[in-house]
Amino acid sequence: MRIKIINPNTTRSMTEKMAAAARAVAAPGTEIVAVSPAGGPASIEGHHDEAIATIGLLEEIRAGEREGFDGYVVACFGDPGLLAAREVARGPVVGVAEAAMHVASLVAPGFSVVTTLGRTRGQAAHLAERYGMARFCRRVRAAEIEVLALEDDATGAYARILGECRAALAEDEAGAIVLGCAGMTDLAARLQADLGVPVIDGVTAAVKLVESLVGLGLATSKRGELAPPLPKTYSGPLAHLSPGADIP
Ligand code: 2AL
């Protein structure tokens, strides 16, 4: 099985971290390919970043369909473009936020999300509502760390995230922690060892969910809302994304 992980930001070091984490949990016989779009924001920390990053994400999904991937992971915690990607892809497409929240709900009665900047807390809360996860999500917390600071050990990111996780366990009645950024994937095992509760990283959770869905012979339903985009002409610089009859 071939799974394509799309990091919608353009920071290659983060994409490589995700590839390593995914390969560490992937089943024998699963090939992991991790990519970033050719252009777009280096980090995604708000609605505007997310909207721009969605174009590159969809380009990578369309390329993935030509390359014959079995399933996809949208590897940014805002799950940007998730439903649009599902319109385009034949196989399953799983977002890291939805994967992490669903998996957390299976191992604890409630979880807290620990994310990067406070301004992204609303986005995570909206997703919890949209996914029916609000009843499990005790609180969304921010360590007030910029996404790119996760790429630099000297920023003290780990200690700040650990402190916020400890506060979640002390104050939120959370039994598990959901990491609110795909760039935290390399911290999950260390945090889990330090905290003694399940710490869920969405990248690895999403890879295992895609493997499960493909293994069960399940693909994205093309009946109704997630049918391929209607063929039409898009104009200007986005003309190459015009949905055609053959390639979605
Ligand atoms: C993210 C993420 O997962 N990747 C990125 O660039 N921004 N999310 C976040 N809350 O910071």
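1. A good place to start in this predicted model is the pairing of strand 5 (residues 111-115) with strand 7 (residues 176-179): the two run parallel and are joined by four bridges. To find the pairing by eye, look for Ser112, whose bridge partner in strand 7 is Ile177.

2. Now widen the view to the sheet around that pair. Strands 6, 5, 7 and 8 make up an open sheet of four strands, arranged in the order 6-5-7-8 with parallel pairing. Strand 6 (137-142) and strand 8 (199-200) are the edges; each has a single partner strand, so one side of each has no neighbour in the sheet.

3. Strand 3 (residues 71-74) is worth a separate visit, as it pairs with two strands. With strand 1 (residues 2-6) the pairing is parallel and runs over four bridges; here Ile5 has Val73 as its bridge partner in strand 3. With strand 4 (residues 93-95), strand 3 is also parallel, this time through three bridges. Val74 is the residue to look for there, standing opposite Gly95 of strand 4.

4. Stay with strand 3 for its side chains. In a regular strand, side chains alternate between the two faces of the sheet. Gly71 and Val73 point one way, while Tyr72 and Val74 point the other way. Are these four residues buried or exposed? All of them are buried.

5. Next, the ligand. Which residues are around the ligand? They are Asn9, Ser43, Ile44, Cys76, Phe77, Thr115, Thr116, Thr120, Val147, Gly180, Cys181 and Ala182. Thr115 also belongs to strand 5, which spans residues 111-115, so to speak a familiar landmark from the opening point.

6. Three side chains deserve a closer look for their polar contacts with the ligand. Asn9 places a polar side-chain atom 2.8 Å from a ligand oxygen atom. In Thr116, an N or O atom of the side chain is 2.7 Å from an oxygen atom of the ligand. For Thr115, the partner is a nitrogen atom of the ligand, at 3.0 Å from a polar side-chain atom. Taken alone, the ligand would expose 290 Å², and the protein buries 96% of that area.

7. Finally, turn to the surface. Ile55, Tyr234 and Leu238 form a nonpolar patch there, and together they have about 220 Å² of accessible area. Tyr234 sits in the segment after helix 8 (202-215). Why does Tyr234 count as partly exposed? Its relative accessibility is 33%, and partly exposed covers the range between buried, under 20%, and exposed, over 50%.

Terms used. Residues are numbered from 1 along each chain as its sequence is written. This is a predicted model: local features need pLDDT of at least 70, side-chain atom pairs count only at pLDDT 80 or more; totals for chains, interfaces and linings use all residues. Side-chain values use heavy atoms; hydrogens and water are left out. Patches are made of residues with over 30% relative accessible area and no salt bridge: like charges are joined within 9 Å, nonpolar side chains (Val, Leu, Ile, Met, Phe, Trp, Tyr) within 5 Å. Accessible areas come from the Shrake-Rupley method with a 1.4 Å probe; for residues, only the protein chains shown count as cover. A salt bridge is a side-chain nitrogen of Lys or Arg within 4 Å of a carboxyl oxygen of Asp or Glu. Buried means under 20% relative accessible area, exposed over 50%, partly exposed in between (1.4 Å probe, protein chains only). A residue is near a molecule or strand if one of its heavy atoms lies within 4 Å of it. A polar contact is a pair of N or O atoms within 3.5 Å; within protein, one must be able to donate a hydrogen and the other to accept it, and residues adjacent in sequence count only if both atoms are side-chain atoms. Two strands pair if DSSP finds at least two bridges between them.
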